[in-house]
Amino acid sequence: MRKAFISPAKYVQGEDELLNLGYYIKTFGESALLIAHQDDIDRVQAQLDATKEKFGVKIVASHFNGECSRKEVARLQEVAKEQHTDCVIGLGGGKAIDTSKCVAEGENLIIVPTIAATDAPTSHSAVLYTEDGEFDDYAYFKQSPSVVLVDTTIIANAPTRFLVAGMGDALSTLFEARATARSFSNVNAGLPNGYLTKETKPAKNTIAAYTLAKVCYETLLENGYQAKIACDNNVVTPALENIVETNILLSGLGFESSGLAAIHAIHDGLTALEGTHHYFHGEKVAFSTICQLVLENAPKEELHEVLDFSLSIGLPVCLADIGVESISFEEAMEVAEKACIPEESIHSMPFPIEVEAVASAIIAADKIGADYKKKHANA
Ligand SMILES: [Zn+2]
């Protein structure tokens, strides 16, 4: 059986770690192109200045326009060429990071996430948008980032909602890994260099990736609540450090190397419901996790464990929590149909997928979550 595992070449995490950015720039040369929103740059300007001075490196501003579009990527690649920069830095949340991956094309890339809201920083893929912000395409690169540098002081000072959303994304990892393993489905890590094609998903998950997915879930249960409290109070504690690692590293390696299944497909389907648009990826993933557990009829203890965890840190457990007050069967069918298109990861579940069954699971998950929340509130 062919198996594959992919990861960044280096992951480093610590308090005030951004002060060492210059050291990593030096491993590639003298200068770096910085791709980031201006407000993110403003947040860390003092650290950028300090590391430039300490290591004698040049950080070239790119005036990123905020959209990960083909046109902006081409413009930034031109800036990198003109300025003869030796590496690319993607600093911030989702779009700056994705754009930097597209600009670097799998080489000499340093990712500096300033929030721990998703598992994107470690991956070798990005999402391209049109200039108007509509979905365009997925892009895959020959390698994951060279360095993922995480400053826990910065993350502890970002709004807690980001950290909690990151835990929602991480919550899905084990359940999707388990489904992928049971069905012997393929994982993204097995994609050959370059862009995704329909025929090319040729490798299964490794023991390594599956083990990380298990630890990802265990660490959430063990440290999630304490990490949330630490972030509420802008302090770095061992629990917060464990959750930052879980959200970024464990969840990131997990989704690429141990597989996606129904949860992320249902998440994608939920975009059919207007109300969900103002919620973060990880928040919608948290509710979709309950949907997959209902769809596969997971043990009741497991379902309750997930519900208890989500409620303890304020993750959504029902549709009302993600902006949808009520749902008809027809609307649930619309979500399910989107989730069940042939390209979706839902077909990695270990049984044949029927659209009606997915719609039913969404409706039941919503009611179970809402009911559990009500009982929990009264307890
Ligand atoms: Zn995700």
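Which loop holds N297? Select N297 to find out: this residue lies in the loop between helix 10 and helix 11 (300–313). Keep in mind that the model is predicted.

**Stop 1: N297 and H63**

Stay on N297. Its phi is near 50°, a positive value in a residue other than glycine. Most residues other than glycine have a negative phi. N297 is exposed, with a relative accessible area of 66%.

Now select H63. Look in the loop between strand 3 and helix 3. H63 is not a glycine, yet its phi is positive, about 55°. Is H63 buried or exposed? Its relative accessibility is 64%, so H63 counts as exposed, the cut-off being over 50%.

**Stop 2: the open sheet**

Select the strands next. Six of them form an open sheet, in the order 1-8-5-4-2-3, with parallel pairing. Which strands stand at the edges? They are strand 1 (10–14) and strand 3 (58–61). Each has a single partner strand, so one side of each is left without a neighbour in the sheet. Look for the twist: neighbouring strands of this sheet are turned by 20° against each other on average, direction ignored.

Zoom in on strand 2 (residues 31–35). Strand 2 runs parallel to strand 3, and four bridges join the two. Pick L34 to see one bridge partner: A61, in strand 3. Strands of a sheet pair through backbone hydrogen bonds.

**Stop 3: two helices across the strands**

Add helix 2 (residues 38–55). Helix 2 lies across strand 2, strand 3 and strand 4 (87–92). Its angle to strand 4 is about 140°.

Then add helix 3 (residues 70–83). Helix 3 lies across strand 2 and strand 3, and runs at about 160° to strand 2.

**Stop 4: the hairpin**

Move to strand 6 (residues 125–129) and strand 7 (residues 135–140). They pair in the antiparallel sense over five bridges. Click S125; Y140 in strand 7 stands opposite. The two strands form a hairpin, with five residues between them. In the turn, select G133, which has a positive phi of about 85°. Show the surface around strand 6. Four of its five residues are buried, so strand 6 is largely enclosed by the rest of the structure.

**Stop 5: the zinc ion**

Select the zinc ion. Which residues coordinate it? D169 (OD), H264 (NE2) and H281 (NE2) do, at 2.1 Å. Their spacing in sequence is D-x94-H-x16-H. D169 lies in helix 6 (residues 160–182) and H281 in helix 10 (residues 281–295), so this pair ties together parts that are 112 residues apart in sequence.

Compare how accessible two of these donors are. D169 has 0% relative accessibility and therefore counts as buried. H281 is partly exposed, with a relative accessible area of 27%.

**Stop 6: helix 8**

Finish with helix 8 (residues 238–257). Place a distance label between its end C-alpha atoms: they are 26 Å apart. At 1.5 Å a residue, its 20 residues should span 28 Å, which agrees. Where does helix 8 bend? Select T246: helix 8 bends there by about 40°. This helix is mostly covered, with 16 of its 20 residues buried. Last, select G259, just after helix 8. G259 takes a positive phi of about 105°.

Conventions. Residues numbered from 1 in each chain as written. Predicted model: local features only at pLDDT ≥ 70, side-chain atom pairs only at ≥ 80, totals over all residues. Heavy atoms only, no water. Expected span 1.5 Å × (residues − 1). Bend = angle between axes of the 7 residues up to and from the residue. Buried < 20%, exposed > 50% of the residue type's maximum accessible area, 1.4 Å probe, protein only. Pairing = 2+ DSSP bridges. Axes fitted to C-alpha atoms, helices over the stretch in contact; angles between N-to-C directions. Contact = heavy atoms within 4.5 Å. Donors = N, O, S within 2.8 Å, 3.2 Å for Na, K, Ca; no water.
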